[in-house]
Amino acid sequence: MSKLRSDNMNSGSLYGVAAGTDTYTLAITGFGRLRIGKTVIATVTNANTGAATLNVSGTGAVAIRKKGAALSADDIDANGTYVFVYDGTYWQAVSGVLA
């Protein structure tokens, strides 16, 4: 039986403010590597105008999806707070206005 490694999971709340419009960037100290299941909570400064990406702590721009689909204009509200979970390919918006 394999053991869970602590670097595969989040440690504590990973929260920050995501700046940008459609190409959001978020800096979180101690974020580590991007892995399946990695979860962040972000207050997003600007509404999106269409498909959007999220780059957390320099891990690269990754498309944001809602219920598996690309975002449409205004799916993300300015100053809204969202929970994003990395599924290995996309950041899935799992709560907030999108849920």
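Select Tyr15 and Ile41 to begin: in this predicted model, Tyr15 stands opposite Ile41, which belongs to strand 3. Extend the selection to residues 15-18, and you have strand 1, which runs parallel to strand 3 and is joined to it by four bridges.

Stay with strand 3 and add strand 7, to which strand 3 is joined by six bridges, this time with the two strands running antiparallel. To find the register between them, pick Thr43 and look across to Thr81 in strand 7, since these two residues stand opposite each other.

Now show the whole chain as a cartoon. Eight strands and zero helices make up its secondary structure, and reading along the sequence gives the pattern β-β-β-β-β-β-β-β. If you colour by accessibility, buried residues come to 33% of the 99 residues in the chain. A contact map adds a further view: among contacts with a separation of 6 or more, 66% are between residues 24 or more positions apart.

Next, select Val40, Leu54, Ile64, Phe84 and Trp91, and show their side chains. These are the residues with the most contacts inside the largest nonpolar core, which has 21 residues. At least two residues of this core come from each of strand 2 (23-26), strand 3 (39-44), strand 4 (53-56), strand 5 (62-66), strand 7 (80-86) and strand 8 (91-95). In soluble globular proteins, nonpolar side chains tend to be buried together.

Centre the view on Ile64 and display its neighbours. Leaving aside residues up to four places away in sequence, Ile64 touches Tyr24, Ala52, Thr53, Leu54, Ala69, Ala70, Leu71, Ile76, Phe84, Trp91 and Ala93.

Move one residue along to Arg65, which also lies in strand 5. What is the nearest side chain of opposite charge to this buried residue? It is that of Asp87, 7.7 Å away, and Arg65 has no salt bridge; the cut-off for such a bridge is 4 Å, so the distance to Asp87 falls outside it. A polar atom of the Arg65 side chain does, however, lie 3.4 Å from the backbone oxygen of Gly68. Around Arg65, again without counting residues up to four places away in sequence, the residues touched are Ala70, Leu71, Tyr90, Trp91, Gln92 and Ala93.

For a charged pair that does meet, select Lys66 and Asp75, whose side chains form a salt bridge with an N to O distance of 2.9 Å. The count for the model comes to one salt bridge. Side chains of opposite charge can pair when their charged atoms come close. The two partners fall into separate accessibility classes, with Asp75 buried at a relative accessible area of 12% and Lys66 partly exposed at 23% relative accessibility.

Step on to Lys67, in the loop between strand 5 and strand 6 (69-70), and inspect its backbone torsions. Phi of Lys67 is near 50°, a positive value in a residue other than glycine. Most residues other than glycine have a negative phi. Lys67 counts as exposed, at 73% relative accessibility.

For the last stop, return to the loop between strand 1 and strand 2, where Asp22 is placed. Is Asp22 buried or exposed? At 16% relative accessibility Asp22 counts as buried, and its phi, near 75°, is likewise a positive value in a residue other than glycine.

Conventions. Residues numbered from 1 in each chain as written. Predicted model: local features only at pLDDT ≥ 70, side-chain atom pairs only at ≥ 80, totals over all residues. Heavy atoms only, no water. Core = buried A, V, L, I, M, F, W, Y, C linked by side-chain atoms within 4.5 Å. Buried < 20%, exposed > 50% of the residue type's maximum accessible area, 1.4 Å probe, protein only. Contact = heavy atoms within 4.5 Å. Pairing = 2+ DSSP bridges. Lys, Arg positive; Asp, Glu negative; His and termini not counted. Polar contact = N/O pair within 3.5 Å; in protein donor to acceptor, adjacent residues only side chain to side chain.
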